[in-house]
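This report introduces a single protein model to a reader who has not met it before. Please look over the sequence and the structure shown below, and then follow the sections in order.

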Amino acid sequence: MRIAVVTDSAAGFPAGWRLPGGPAEGIGVVPMPVLVGDEILTGEYDDVTEPLMMALAAGADVRTSRPSPGRFDRLFGRLADDGYDGIVSVHLSGLLSGTVDAARLAASRARVPVEVIDTRTAAMAQGRAALAALVAARGGGDLQASAAAAAMAARGSALFFYVPSLEQLRRGGRISGAAGWLGTLLSVRVILHVRGGRLVPLERMRTAARGLQRLQELAEVDVARRGRGARLTVHHFGSEEEAAALVERLELSVGSGMVSLAPCPAVLAAHAGLGVVAVTVSAEQPGLA
């Protein structure tokens, strides 16, 4: 069987990974719209980053939307036309976005079987799940085996965020279990993580330096807990220098070449705000960077 893999732009692949020869070459990505005022931005990086940064800095109205089922209809149809026998569609947590519901609706009317995976996570924790499906499919796995590989990779990944303020998350309603942290504490620096598909507060920090140090510690503890090789990605938005320095520090402890750097997906940055730094930790995937 020929199995295709699809995800959405919340996966946050590093620049160049989807180009010819890159580890994510061949994965179809459905863009997730970001709304800045009345303007709809649908690109992954270049045409979104600058206007989104300006809007967040100005405190403008920033929202996100799920892709329409029609976007999935067209992509699934094109893949069927290209001769694929099945599709694994790997998506951002359904508790954070309706994207997975749009994919399921399109899957129900697709011309080839489609397995839709709610990763219950985001960023490269989600991206690694899509990569796991791709590796399984290229290794001869059928639709069910490729979908199972994605689900297993998603369950085995961790995602931690450092955010300088909870304000943007409060506006978007994307934070859970934080009632006692809101109100007068919106400017507090916070470490969050994804648990059960939701973004949940983990710790409060007094300074940015301590927040980034704690982010590093959490990643290192997670790597040590695994007891064998892992792959990390550091995401950033308006914080590239801090993120690059974090990559260097993590590589000193977990190994050179084990950590990649990528922009924070725009659809996540729209909620996390400027200055976000996130780290994903995933199981090692043989043959992938």
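## Helix 7 and its surroundings

Helix 7 is followed by Gly227, a residue whose phi is positive, near 75°. The model is a predicted one, and every value in this report was computed from it. Helix 7 itself covers residues 208–226, and its 19 residues should span 27 Å at 1.5 Å a residue, which agrees with the 28 Å that separates its end C-alpha atoms.

The buried residues of helix 7 are Gly211, Leu212, Arg214, Leu215, Gln216, Leu218, Ala219, Asp222 and Val223. These buried residues pack against strand 8 (158–163), strand 9, strand 10 (198–205), strand 11 (230–237) and strand 13, and also against helix 8 (240–254).

## Helix 5: a buried side and an exposed side

The 13 residues of helix 5 should span 18 Å at 1.5 Å a residue, and the end C-alpha atoms of this helix are 19 Å apart, which agrees. Its buried residues are Leu143, Ser146, Ala147, Ala150, Ala151, Ala153 and Ala154. They lie on the same side of helix 5, because the arc that they cover around the axis is only 165°. An α-helix has 3.6 residues a turn, so residues three or four places apart point the same way.

On the other side of helix 5, Met152 and Arg155 are exposed. The buried residues of helix 5 are covered by elements that include strand 1 (3–8), strand 6 (86–91), strand 7 (114–118) and helix 4.

## The largest pocket

Where is empty space left in a model such as this one? Rolling a probe the size of a water molecule over the atoms shows where empty space is left. In the largest pocket, that space comes to about 240 Å³.

The lining of the largest pocket is made up of 13 residues, and those that lie nearest its centre are Ala132, Ala153, Ala283, Glu284 and Gln285. Helix 4 (123–138), helix 5 (143–155) and strand 13 (276–283) each supply at least two residues of this lining. Sorted by character, the lining residues divide into seven nonpolar, four polar and two charged. Ala153, one of the residues nearest the centre of the pocket, is also listed among the buried residues of helix 5.

## Thr280 and the start of helix 4

Thr280 has its place in strand 13, and it counts as buried because its relative accessibility is 1%, where buried means under 20%. Leaving aside its neighbours within four places in sequence, Thr280 is in contact with Ala123, Met124, Ala125, Ala158, Leu159, Arg231, Leu232, Thr233 and His235.

Ala123, one of these contacts of Thr280, belongs to helix 4. Ala123 is buried, with a relative accessible area of 1%, and its phi is near 55°, a positive value in a residue other than glycine. Arg120 is not a glycine either, yet it has a positive phi of about 60°. Arg120 lies in the loop between strand 7 and helix 4, and a relative accessible area of 42% makes it partly exposed.

## Three buried leucines

Which residues, set well apart along the chain, are brought together in space with Leu75, Leu192 and Leu96? Leu75, found in helix 2 (residues 69–81), is 47 residues from Gly28 in sequence, while the two are 7.9 Å apart in space, C-alpha to C-alpha. Leu75 counts as buried at 10% relative accessibility, and, apart from its neighbours within four places in sequence, it is in contact with Val6 and Val30.

Leu192 is found in strand 9 (residues 189–195) and counts as buried at 0% relative accessibility. Its C-alpha atom is separated by 6.5 Å from that of Tyr162, and these two residues are 30 residues apart along the chain. Leu96 lies in the loop between strand 6 and helix 3 (99–107), and it too counts as buried, at 16% relative accessibility. Between the C-alpha atoms of Leu96 and Thr121, which are 25 residues apart along the chain, the separation is 8.7 Å.

Methods. Residues numbered from 1 in each chain as written. Predicted model: local features only at pLDDT ≥ 70, side-chain atom pairs only at ≥ 80, totals over all residues. Heavy atoms only, no water. 1 Å grid on protein atoms, 1.4 Å probe; cavity = no way out; pocket = protein on both sides within 12 Å on 5 of 7 lines; lining within 4 Å. Points joined across faces, edges and corners; volume = space filled by probe spheres on them. Helix = DSSP H or I, 4+ residues; strand = E, 2+ residues; numbered from the N terminus. Nonpolar A, V, L, I, M, F, W, Y, C, P; charged D, E, K, R; others polar. Expected span 1.5 Å × (residues − 1). Buried < 20%, exposed > 50% of the residue type's maximum accessible area, 1.4 Å probe, protein only. Arc of directions from axis to C-beta. Contact = heavy atoms within 4.5 Å.
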